[in-house]
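Here is a walk through a two-chain model, written for someone who would rather look than calculate. Keep the viewer open while you read.

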Number of protein chains: 2
Amino acid sequence: MGGDHAPQSVLAGANMARQRYPELHFHIFGDEAVLKPRVDRLRGLAQVTTLHHTDEVVAADAKPSQVVRSKAKTSMRQAIDLVKAGEAAGVVSAGNTGALMGLAMFMLGTMKGVDRPAIASYFPTVKGETVLLDLGANVTCDARNLFQFAVMGEMFARTVLGVQEPTIGLLNIGSEAVKGHETLKDAAALLRETTLPLHFHGFVEGDDIPAGTVDVVVTDGFTGNVAVKIAEGTASLVTGFIRGAFQSSLSAMIGYVFAKRALQKIRVRTDPRRYNGAVLAGLNGIVVKSHGGADALGFATAVGVSYDLVRYGFMDKIAAELAELTQQAAAAEADRAAAAS
Amino acid sequence: MGGDHAPQSVLAGANMARQRYPELHFHIFGDEAVLKPRVDRLRGLAQVTTLHHTDEVVAADAKPSQVVRSKAKTSMRQAIDLVKAGEAAGVVSAGNTGALMGLAMFMLGTMKGVDRPAIASYFPTVKGETVLLDLGANVTCDARNLFQFAVMGEMFARTVLGVQEPTIGLLNIGSEAVKGHETLKDAAALLRETTLPLHFHGFVEGDDIPAGTVDVVVTDGFTGNVAVKIAEGTASLVTGFIRGAFQSSLSAMIGYVFAKRALQKIRVRTDPRRYNGAVLAGLNGIVVKSHGGADALGFATAVGVSYDLVRYGFMDKIAAELAELTQQAAAAEADRAAAAS
């Protein structure tokens, strides 16, 4: 029931995902009176879907803290519950991001070895695609948080983008800074010294994200959120200027006719619907957030992201890496204790 | 002597600025053997220029802290010294940003009522131009810093962009945040409650910068620096895609021929050389940083920014506003003391 065009774009998106991945089964939560006739109309979808009626939904403008405290059996809460019960492999929602994060954290809990979950997604670059996290779950982060984000972002690049040995960059600013940023230096040290097979590139700057300098860019949720919104805003500023230019003279309009097909290819390449689906990483369950404004194609992409995370073992692999670190730390501690006795 | 194309672009830029503003007089610092023949060749420039020979320059990669500690009579130091002595109204440099900030802070000192200087500049938006600060002088900021940045950014919009009643936004993130950001809430309260005639719009998000929602966007130096670099990087990503599209087929190339003139108008509108010149605001003197890669036109723009700041009374007006605040605080304190006695 979540998102600007619900339930239609969610249902049509699920149907599109079904065609791509016929092995999927959907559990769809919401007002059955609204959903059933629509699902029935999408015949193939009905056959692979279990409908779950809920009387309540999470409002788009509901306060996350109130949603978490409330006992209301909303569609969002019940969908997450199915993941918790192990009956669904993951949940995808186009609804209220804060509420989804809050509910998922509360109900599923944070993965062992993860101090704070992070929101991760991926974006087009000069070279291909780059994963960016955190996109807004944590306003401030310490070095350990950033290190764990790197582990999760690297695994996102492996499982969703299929990058074999993803490189990791830590977002920082150039030499203009009169003062340094201790947290970033500490996080860089953790990444440089880890025994995990991570490829830490070092610090990167803002322009390295669109340049695709590394596969994964790690930052705090405040900077990450600002970064994504500025990138989207700037892209539409520039495309708006270009659209205006093509309409500014007869000659330019004729030019557009000739160039149209080539320009449309860019539109496909930078289509935000192809980059839809942010994972709430670090929880005991796969939770993917679709953009609230996503249409069917966008929602289908988000379903694809959640499926990739499930089938390529995103959670298990992160858990294994973090367990290794915990074990190493325990062994080092035992060595110290033995040496001291 | 600073910048990638020094001294040629600096001298040619000064000459271009001289044609625009014949009332200006230049003091140019550096190696006289290199500078004199070049200045002499730009005849009009020689007549309005005093050359000051220096044996030393600040290297592009010099560490700011070392530059500040060093006693070397570099061209940068001597240029700032002339402002300090009151013999120059402002200084423009295309050199090492950190060194310029460090030296200027050390030599000129911070303006009364300003806790920390900030780097401010302006950028093209859907609606026109928006001032953004801090661009990297302060990695972390408290609420008072941000409030003072707002006062300085607002005055930059008045004096350089000629905006009559600039609106101010405080950069924040949307409802995704599970945790709030106390500093921003406190800064918003200061801006909302101030008796200064500031037009505080409230919080804005990353995409509000390219959208031109407000005339001035205030943020800390870390976020501001990342923001600018992502915006620049994204703009070149998109224009790169478009350039590629025009070269991808014969039809597209023909289209480009027809649309070329219209597209060049955008290039003029978004030309970074038209947005060159960042002020190191809050110092006891006008200090403007030109982009290191600026050509003559870019450097001339930076000279224009410094001249606007001088002739429209940037410093005096900020000082007056901050003095008013100090006076009010003192009066309130006196009232409290009187009431208590």
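What follows covers confidence, symmetry, the contact between the chains, the domains and an unusual peptide bond.

**Ground rules and confidence**

This is a predicted model, in which local features need pLDDT of at least 70 and side-chain atom pairs count only at pLDDT 80 or more, while totals for chains, interfaces and linings use all residues. Residues are numbered from 1 along each chain as its sequence is written, and chains are lettered from A and ligands numbered from 1 in the order in which they are written. As for pLDDT, that is the predictor's confidence in each residue, from 0 to 100. Chain A averages 92, and 98% of its residues score at least 70. The model as a whole comes with ipTM 0.87 and pTM 0.90.

**How the two chains relate**

Turn chain B by 180°, with a shift of 0.0 Å along the axis, and it lands on chain A with an RMSD of 0.0 Å. That is the relation of a two-fold axis. The superposition is by least squares on the C-alpha atoms of residues with pLDDT of at least 70 in both copies. If you want to find the axis in your viewer, look for G255(B): of the residues of chain B, its C-alpha comes closest to the rotation axis, at 1.8 Å.

**Where the chains meet**

Contact here means that the C-beta atoms of two residues, placed from the backbone, lie within 7 Å. The contact between the chains takes 66 residues from chain B and 65 residues from chain A. On the chain B side, helices 6 (97-108), 9 (208-211), 10 (221-246) and 11 each supply at least two residues. Helix 10 of chain B gives the largest share, 22 residues. Helices (H or I, at least four residues) and strands (E, at least two) are DSSP runs, numbered from the N terminus. The copies meet through the same surface, because 98% of the interface residues of chain B are also interface residues in chain A.

Now zoom in on helix 11 (residues 250-270) of each chain. These two helices pack at an angle of about 145°, with their axes 7 Å apart. (Axes are lines fitted to C-alpha atoms, for helices over the stretch in contact, and angles run from 0 to 180 degrees between N-to-C directions.) Among the residues that meet there are G255(A), Y256(A) and F258(A) from chain A, and G255(B), Y256(B) and F258(B) from chain B.

Here is the make-up of two contact surfaces by residue class. Ala, Val, Leu, Ile, Met, Phe, Trp, Tyr, Cys and Pro count as nonpolar, Asp, Glu, Lys and Arg as charged, and the others, Gly among them, as polar.

| Surface | Nonpolar | Polar | Charged |
|---|---|---|---|
| Helix 11 of chain A with helix 11 of chain B | 14 residues | four residues | two residues |
| Side of chain B that touches chain A | 35 residues | 22 residues | nine residues |

**Inside chain A**

The domain assignment (automatic or from a database) splits chain A into domain 1 (1-112 + 282-315) and domain 2 (115-274). Their C-alpha centres lie 26 Å apart. The contact between them takes 16 residues from domain 1 and twelve residues from domain 2. On the domain 1 side, helix 6 (97-108) and helix 12 (296-311) each supply at least two residues, and helix 12 has the largest share, six residues.

**One peptide bond to check**

The peptide bond from L133(A) to D134(A) is cis, with omega near 0°. D134(A) sits in the loop between strand 5 (129-133) and helix 7 (143-159) of chain A. In chain B, a cis peptide bond joins L133(B) and D134(B).
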